[in-house]
Amino acid sequence: MNHYETVFILNPVLSETQIKETVKKYEDFLVSKGAKMVAKEDWGLKKLAYPIQNKKSGFYHLFEYQVDGEVIENLELDFRRDERFMRYLTVSLDKHAVSWAERRRAKLKLKA
């Protein structure tokens, strides 16, 4: 199982319940495919650097998880089909990135 991190931007016109349903849907999708969720973060509404689909902001979310590589293709296919998603990026984390992410999460816990 490889370690992955996915950041996605949801359309800003969605309601709070629609955002929660969308995030839950894709978290459940990953878990149903055998993924182990390491971390999940809601970064909230952020201003975009440039307009996407004539929108100047979007709701950012991050998933960090461990899963087999074949699942990523299906996940991104669903992202492309879902009109609620404006952008997404999935990256495979090496051991250095995993340790950096752990340190970042620990630092965020201290601030909270």
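**Exercise 1. Find the residue in β3 that stands opposite Lys40, then place this pair of strands in the sheet.**

*Solution.* Lys40 stands opposite Phe63 in β3. Keep in mind that you are working with a predicted model. Next, look at the strands themselves: β2 and β3 (residues 55-67) pair in the antiparallel sense, over 11 bridges. Now widen the view to the open sheet, whose four strands follow the order β2-β3-β1-β4 with antiparallel pairing. β2 (36-52) and β4 (85-92) each have a single partner strand and stand at the edges, so one side of each is left without a neighbour in the sheet. To finish, compare directions: neighbouring strands here are turned by 20° against each other on average, direction ignored.

**Exercise 2. Work out which strands helices α1 and α3 lie across.**

*Solution.* Start with helix α1 (residues 16-32): it lies across β1 (2-10), β2, β3 and β4. Its angle to β3 is about 25°. Then turn to helix α3 (residues 95-111), which lies across β1, β2 and β3. Helix α3 runs at about 85° to β2.

**Exercise 3. Decide whether Tyr26 is buried or exposed, and list what it touches.**

*Solution.* First locate the residue: Tyr26 lies in helix α1. Its relative accessibility is 1%. The cut-off for buried is under 20%, so Tyr26 counts as buried. Leaving out residues up to four places away in sequence, Tyr26 touches Phe63, Leu75, Asp78, Phe79, Asp82 and Phe85. You have already met one of these, Phe63, opposite Lys40. As a last step, take Arg84, 58 residues from Tyr26 along the chain: the C-alpha atoms of the two are separated by 12 Å.

Methods. Residues are numbered from 1 along each chain as its sequence is written. This is a predicted model: local features need pLDDT of at least 70, side-chain atom pairs count only at pLDDT 80 or more; totals for chains, interfaces and linings use all residues. Side-chain values use heavy atoms; hydrogens and water are left out. Two strands pair if DSSP finds at least two bridges between them. Helices (H or I, at least four residues) and strands (E, at least two) are DSSP runs, numbered from the N terminus. Axes are lines fitted to C-alpha atoms, for helices over the stretch in contact, and angles run from 0 to 180 degrees between N-to-C directions. Contact means heavy atoms within 4.5 Å. Buried means under 20% relative accessible area, exposed over 50%, partly exposed in between (1.4 Å probe, protein chains only).
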